Amino acid sequence: MKINAINSTAFKGLFTDKTAQNGGNWLMEYSPYSWEKNNTSKMSDKQKVDVYASTLPDNEELYTKFANGAESSRDILGTESYYLHSDGKMRRTITEVPAMNREESLKVLNKKLGVFLRMKDLECLSIKSQIPDIPKAVREASANYRNSEGDIPVRLFSTSYERGLAMENMRNVFDNVKGYAIDLYNKFNLYAKLKESADSVRTFRETNSKEIAELESLRKAGNLIDISRRDIREPDNALIDNLVHNFSTLKSKFLCLPNKLISMDEILRILGCSAETSESKRQIINYIKKLI
């Protein structure tokens, strides 16, 4: 499947090829997800894409080795982050730039999940295209089995070699039929796995879309405390500022962590914090640190 790379400087998130803007000199930037590398907002190691999986790795890889010895590593959007030429020359330096917040991360993830679903659809079509040939092959093999059965010598002076040869032929035909049946069974299981994982990905994507809309609405209304980026100095400043200056309105706000969105009202109820005290603020900060 051909995947068009998103190399525009307008694209923000994960791998972005800035070579054209760098005078033609290799420049590959990487902006991590907010939740990447155990909620540290730092770049994680590459992991190969499994088309049968229900999720994508945070730093996914489509690896290709060419006949001439060259190697290429791309993300699912088609951006090439590593290339080894057949002459040994290599492009692989990656510049890690500031991470995305959770809202930006979810938008980029959903873009990738859309491509992931198209990969699954193509794999499903590939499997389906192979299945019609199997019943035909089974029917032909079954006919050969019956013909081989008729070839078994029954005359009085037939040799054991002749009978053994005919039986061996029957066994070979039977093994072929069994192989076709197993192949059909395996293809059905792969097809079912693809469909089930695709349903999971669609559900996950829809959930992400709802959260993106909620984050946009909360941010616009001024009811969002966003501490989802953890790669900056003092990442909890927005929370501390609200605890110090806006404690009375905390109940109406939502806290955006690297990996989830949670209401401050829920946190206050869990902790039993109803009054503004130094102790209640300390409890809130300690509880939230455990969530990250």
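Which residue in strand 10 does Ile 225 stand opposite? Let's work up to that and beyond with a few exercises.

This is a predicted model, in which local features need pLDDT of at least 70, side-chain atom pairs count only at pLDDT 80 or more, and totals for chains, interfaces and linings use all residues. Residues are numbered from 1 along each chain as its sequence is written, and side-chain values use heavy atoms, with hydrogens and water left out.

**Exercise 1. Place Ile 225 in its sheet and find what packs there.**

Step 1. Start with the terms: strands (E, at least two residues) and helices (H or I, at least four residues) are DSSP runs, numbered from the N terminus. Two strands pair if DSSP finds at least two bridges between them.

Step 2. Ile 225 stands opposite Leu 255 in strand 10. Strand 9 and strand 10 (residues 254-256) run parallel and are joined by three bridges.

Step 3. Now widen the view: the order 9-10-11 describes an open sheet of three strands with mixed pairing. Strand 9 (224-226) and strand 11 (261-263) are at the edges with a single partner strand each, so one side of each has no neighbour in the sheet. From one strand to the next, the twist averages 25°.

Step 4. Helix 6 (residues 264-271) packs on this sheet and touches strand 9, strand 10 and strand 11. Contact here means heavy atoms within 4.5 Å. The direction of helix 6 makes about 60° with that of strand 11.

**Exercise 2. Describe how helix 7 meets helix 5 and helix 6.**

Step 1. Axes are lines fitted to C-alpha atoms, for helices over the stretch in contact, and angles run from 0 to 180 degrees between N-to-C directions. Angles under 35 degrees count as roughly parallel, over 145 as roughly antiparallel, 65 to 115 as roughly perpendicular and the rest as oblique.

Step 2. For helix 5 (residues 237-245) and helix 7 (residues 278-291), the axes come within 11 Å and cross at roughly 160°. Helix 5 is therefore roughly antiparallel to helix 7. Leu 239, Ile 240, Leu 243 and Val 244 of helix 5 make the contact with Lys 281, Ile 284, Ile 285 and Ile 288 of helix 7.

Step 3. Helix 6 and helix 7 also have axes that come within 11 Å, crossing at roughly 110°. These two helices are therefore roughly perpendicular to each other. On helix 6 the contact uses Met 264, Ile 267, Leu 268, Ile 270 and Leu 271, and on helix 7 it uses Gln 283, Ile 284, Tyr 287 and Ile 288.

**Exercise 3. Trace the hairpins of the sheet with the order 3-4-5-6-7.**

Step 1. Five strands make up this open sheet, and the pairing is mixed. Strand 3 (47-48) and strand 7 (90-91) stand at its edges.

Step 2. Strand 4 (residues 60-65) and strand 5 (residues 71-74) pair in the antiparallel sense over four bridges, and Lys 65 has Glu 71 as its bridge partner. Five residues lie between the two strands of this hairpin, and Gly 69 in the turn has a positive phi of about 95°.

Step 3. Strand 5 and strand 6 also run antiparallel, with four bridges; the bridge partner of Ser 73 is Tyr 82. In this hairpin Gly 78 takes a positive phi near 100°.

Step 4. Finish at strand 7, which runs antiparallel to strand 6 (residues 80-84) and is joined to strand 6 by two bridges. There, Tyr 83 has Arg 91 as its bridge partner.
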